[in-house]
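Me: I would like to learn how to read helix packing, burial and backbone features in a model, taking one feature at a time. Could you go through them with me?

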Amino acid sequence: MHDVEAIQKVHQAWQRVREQAGKIIVGQAQVLEELFLALLSGGHCLLEGVPGLGKTLMVRTLASALSLEFQRIQCTPDLMPSDITGSEMLGEKREMKFFRGPVFTNILLADEINRTPPRTQSALLEAMQERQVTVGRERYPLPSPFFVLATQNPIEQEGTYPLPEAQLDRFLFKSRVTYPSRQEELDILLQTTGERDVEVTPVLDAQELLEILPLIRRVPIAGNLAEMACDWCRKTRPETDLSGELAAWIREYVAWGAGPRAGQSLILGAKARAVLNGRYCVEAGDLRAIAPAVLRHRIKTRFTADAQGITPDDVVRKILETPSQGA
């Protein structure tokens, strides 16, 4: 199939995915789009929001619409790496046998990922980066495609283990799940307190999704847009040789910024968004639309910023609003 025809097929599939998800999910259109973009780009996504906003339901619904195998892990402080990866146990014939854990799936939902200790987080990190798990001296490849969609609560800090920067950087996007509007909340109340029997019809399957991943990478991006993505990432770093008002502001409020993986995520995400909208070329609007989700978790602000209420989202917004002057 020609790439242009394939892009139109993906565009139409996205319309059907939204239609199917709309049977279950009220609102949260941007978050749903970012989740789908992460899957098309072959990346993982971190969902941050207070409890009760439907994060788990959203991931489960998307998995059903894509006909992907789904497993959920409730992360707790006593969760061990073997609870995720699996472990070797004595089999029926008195030999050691590996019993696979829930990580052997297509979509793994790690609920409240910041509640599990660093030792368990490190086991998940190998799965995210290498698409494999190591048990003893054996390595076991994970199914393909494989995605980690994790959630965390931003308001509870006691009993949590903040994700290390290395693991945060492995997430393609960090999506903010916000409160619904009044009308959306009213619709949620009416739909969830009455009789309803809704089934989600699969739109794509695992094999079709695997065929889309190379298509995303073949989408061209103009040189000036690639430079724009590169410059945005460089402007987040206090030590970068920049000049002007923005550079001084960054040095005052930012401790460290995004690395090259952020630039890769920007370009891949922008290509996926172009395909989602039925286009065979990346536009500046694609980069701007996904920049907050790509950069917010890769920027660490200083205490001076925290004291003044300046967040990583504010940093990204200021960078996007400042005309590019090169790096």
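Reply: What follows takes helix packing, then burial, then the backbone. This is a predicted model, in which local features need pLDDT of at least 70 and side-chain atom pairs count only at pLDDT 80 or more, while totals for chains, interfaces and linings use all residues. Residues are numbered from 1 along each chain as its sequence is written, and side-chain values use heavy atoms, with hydrogens and water left out.

Me: How is a pair of packed helices described, and what is the angle between H1 and H8?

Reply: Two packed helices are described by the angle between their axes and the distance between the axes. Helices (H or I, at least four residues) and strands (E, at least two) are DSSP runs numbered from the N terminus, and axes are lines fitted to C-alpha atoms, for helices over the stretch in contact, with angles from 0 to 180 degrees between N-to-C directions. Here H1 (residues 3-21) and H8 (residues 206-218) pack at about 120°, their axes lying 11 Å apart. H1 is therefore oblique to H8, given that angles under 35 degrees count as roughly parallel, over 145 as roughly antiparallel, 65 to 115 as roughly perpendicular and the rest as oblique. Their crossing is left-handed, a term for the near helix being turned anticlockwise from the far one by less than a right angle, whereas clockwise gives right-handed.

Me: Which residues make the contact between H1 and H8?

Reply: Contact means heavy atoms within 4.5 Å. On H1 the contributors are Asp 3, Ala 6, Ile 7, Lys 9 and Val 10, and on H8 they are Glu 208, Ile 212, Leu 215 and Arg 218. This contact of H1 with H8 comprises 5 nonpolar, no polar and 4 charged residues, where Ala, Val, Leu, Ile, Met, Phe, Trp, Tyr, Cys and Pro count as nonpolar, Asp, Glu, Lys and Arg as charged, and the others, Gly among them, as polar. Across the two helices, the C-alpha atoms of Ala 6 and Leu 215 are separated by 8.0 Å, although these residues are 209 apart along the chain.

Me: At what angle do H9 and H12 cross?

Reply: H9 (residues 223-235) and H12 (residues 284-295) cross at roughly 25°, and their axes come within 11 Å. H9 is therefore roughly parallel to H12, and the crossing of H9 and H12 is right-handed.

Me: Which residues of H8 are buried, and where do they lie around the axis?

Reply: Buried means under 20% relative accessible area, exposed over 50%, and partly exposed in between (1.4 Å probe, protein chains only). In H8, the buried residues are Ala 206, Leu 209, Ile 212, Leu 215 and Ile 216. They cover an arc of only 160° around the axis, so they sit on the same side of H8; the arc is that of the directions from the helix axis to the C-beta atoms. These buried residues of H8 pack against H1, H2 (29-40), strand E8 (147-152) and H11 (260-276).

Me: Which backbone features are found in the loops?

Reply: Ser 144 and Pro 145 are joined by a cis peptide bond, with omega about 0°, and Pro 145 lies in the loop between strand E7 (138-141) and E8. Gln 28 has a positive phi near 55° although it is not glycine; Gln 28 belongs to the loop between H1 and H2 and is buried at 13% relative accessibility. Glu 112, also a residue other than glycine, has a positive phi near 55°, and Glu 112 is partly exposed at 24%.
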